[in-house]
Amino acid sequence: MDNLAKHLLQRLMRRIPASMLQSTLDKWGRLTAEKRKSLDFTQSKLTITQELVALCEESELTVKHITELEMIYDAHSVELMQFKEQFKSHLSELKRNVSVKIKKHTDEAVWIRVAWGDGLSRPNHLKATYVVHYLQTPYVFVNALSSKNKPLLLQALTLSTKHQQIKAANLSGQKLTALRDLLMRQYQQVFPTKYPSPLPESDQSISKLRIEKVQAEASANRHRMAGETFGDGMLPALQSAFFQLETKFKDPTNEAMTQRDEPFICSVKFSSSNLLESLRHCASSGIASTPVTPLLSSIPLKGRNYFVITDNVPNA
């Protein structure tokens with residue numbers, strides 16, 4: 001690595017924000033995963049730069065490789081700038097009195113704060129809408145959005161992200177990271193198919209061994225079905241799931257109720273500090289029956305936690 005390459009790298013490091021450094025190096029891919037893990041991104045920018053220069057020298061990188069890193073950073077910056085300009089422009093055309101603030105977060109997300117005005121009134125900053133959008137994905141998370149402003153925000157997002165439409169994912173909760181991981185499948189989904197077999201027979205009685213074998217097989221089967229439904233490893237800490245049943249009254253002896261146009265509505269809510277982990281434990285431990293009911297298995301399968309069931313036909 002010659003002096004020109006070092007100078008280019010040092011100058012580029014001064015331009016890249018600390019919050020974007022790790023993700024930019026990961027996209028670059030010129031350093032091995034082991035070398036990237038050796039960098040401590042909590043240190044000062046100067047210390048990180050020195051360590052990065054040493055790693056690049058060790059990898060014998062050239063000016064060509066450093067310019068690749070610069071292009072990756074520039075492309076990401078241009079994309080973010082374009083999104084900012086287009087979103088503000090589109091929303092301002094749709095709504096005259098609106099205040100928009102956009103900031104890049106550390107996990108590749110763009111955080112948007114929108115304060116809405118009404119008529120000739122100024123934007124109300126006490127009742128702002130918060131939006132989190134992950135660039136290069138169709139995913140948008142919204143908080144505190146009124147039905148009146150919803151079509152305006154969705155239209156501005158659709159035009160700015162260049163997607164054909166914004167769809168509701170029927171997913172809600174208090175932990176953004178859990179919603180993100182579940183919707184974007186950012187958790188371990190390796191479904192195990194093999195589990196430890198029962199202990200070998202010893203000098204115990206044949207009847208006891210048979211009982212233990214049956215119990216072990218039943219336990220292994222429960223673990224297998226729980227793993228096939230929820231996967232293995234850490235799960236997103238989803239806190240709730242909602243199920244709403246809408247059904248017609250069916251009783252030939254009661255014509256008045258049977259001819260009723262409005263359906264009967266019954267709502268059920270499951271709550272836990274980590275709902276998916278709780279459901280997996282219930283299934284694997286035998287507290288809940290297996291195989292897991294499709295209503296619960298649809299949570300990780302469809303990435304949703306709100307379902308409407310109408311006369312045995314789930315509303316997708």
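Buried means under 20% relative accessible area, exposed means over 50%, and partly exposed lies in between. The model used in these exercises is predicted.

**Exercise 1. A pair within one helix**

Classify glutamate 277 and arginine 280 as buried, exposed or partly exposed, and say how far apart they sit in helix α10.

Solution.
Step 1. Take glutamate 277. Its relative accessibility is 31%, so glutamate 277 counts as partly exposed.
Step 2. Take arginine 280. Its relative accessible area is 12%, so arginine 280 is buried.
Step 3. Place the pair. Both residues lie in helix α10, three residues apart, which means a separation of about one helical turn.
Step 4. Check the side chains. Those of glutamate 277 and arginine 280 meet in a salt bridge, with 2.6 Å from N to O.

**Exercise 2. Pairs between helices**

Find which helices are tied together by the salt bridge of lysine 6 and glutamate 57, and by that of glutamate 70 and arginine 15.

Solution.
Step 1. Start with the general idea. Side chains of opposite charge can pair when their charged atoms come close.
Step 2. Look at lysine 6 and glutamate 57. Their closest N and O atoms are 2.6 Å apart, in a salt bridge.
Step 3. Assign the helices. Lysine 6 is in α1 (residues 3-15) and glutamate 57 is in α4, so this pair ties together parts that are 51 residues apart in sequence.
Step 4. Classify both ends. Lysine 6 is partly exposed at 23% relative accessibility. Glutamate 57 is partly exposed too, at 32%.
Step 5. Move to glutamate 70 and arginine 15. Their side chains form a salt bridge of 2.9 Å, N to O.
Step 6. Assign these helices. Glutamate 70 belongs to α5 and arginine 15 to α1, so the pair links parts that are 55 residues apart in sequence.
Step 7. Classify again. Glutamate 70 is partly exposed, with a relative accessible area of 23%. Arginine 15 is partly exposed, with 36%.

**Exercise 3. The largest nonpolar core**

Identify the residues with the most contacts inside the largest nonpolar core, and name the element that gives the largest share of this core.

Solution.
Step 1. Recall a tendency. In soluble globular proteins, nonpolar side chains tend to be buried together.
Step 2. Count. The largest nonpolar core has 24 residues. Phe243 and Ile299 have the most contacts inside this core.
Step 3. List the elements that give two or more residues to the core. They are β3 (129-134), α7 (176-183), α8 (206-230), β5 (240-247), α10 (275-285), α11 (294-302) and β7 (306-310).
Step 4. Pick the main contributor. α10 supplies the largest share, four residues.
Step 5. Zoom in on isoleucine 299. Leaving out residues up to four places away in sequence, isoleucine 299 touches residues including Leu182, Phe243, Leu279 and Phe307.
Step 6. Look beyond this core. A second, separate core has 21 residues, among them Leu25, Leu52, Ile66 and Leu69.

**Exercise 4. A threonine in a helix**

Decide whether threonine 24 is buried or exposed, and name the residues it touches beyond four places in sequence.

Solution.
Step 1. Locate threonine 24. It lies in helix α2 (residues 18-28).
Step 2. Apply the cut-off. The relative accessible area of threonine 24 is 4%, so this residue is buried.
Step 3. Find the partners. Not counting residues up to four places away in sequence, threonine 24 touches Ile16, Leu69, Ile72 and Tyr73.

**Exercise 5. Positive phi**

Locate glutamate 60 and alanine 144, and give the phi of each.

Solution.
Step 1. Note the background. Most residues other than glycine have a negative phi.
Step 2. Read glutamate 60. Its phi is positive, about 60°, although it is not a glycine.
Step 3. Place glutamate 60. The residue sits in the loop between α4 (45-58) and α5 (63-94). Its relative accessible area is 63%, so glutamate 60 is exposed.
Step 4. Read alanine 144. Its phi is also positive, near 60°. Alanine 144 lies in the loop between β4 (140-143) and α6 (150-161).

**Exercise 6. The largest pocket**

Describe the lining of the largest pocket by element and by residue class.

Solution.
Step 1. State the volume. It is about 1000 Å³.
Step 2. Count the lining. There are 31 residues, and Val140, Phe141, Val142, Ala169 and Leu171 lie nearest the centre.
Step 3. Name the elements. β3, β4, α6 and α7 give two or more residues to the lining. β4 gives the most, four residues.
Step 4. Sort by class. The lining has 20 nonpolar, eight polar and three charged residues.

Technical notes. Residues numbered from 1 in each chain as written. Predicted model: local features only at pLDDT ≥ 70, side-chain atom pairs only at ≥ 80, totals over all residues. Heavy atoms only, no water. Core = buried A, V, L, I, M, F, W, Y, C linked by side-chain atoms within 4.5 Å. Buried < 20%, exposed > 50% of the residue type's maximum accessible area, 1.4 Å probe, protein only. Contact = heavy atoms within 4.5 Å. 1 Å grid on protein atoms, 1.4 Å probe; cavity = no way out; pocket = protein on both sides within 12 Å on 5 of 7 lines; lining within 4 Å. Points joined across faces, edges and corners; volume = space filled by probe spheres on them. Nonpolar A, V, L, I, M, F, W, Y, C, P; charged D, E, K, R; others polar. Salt bridge = Lys/Arg side-chain N within 4 Å of Asp/Glu carboxyl O.
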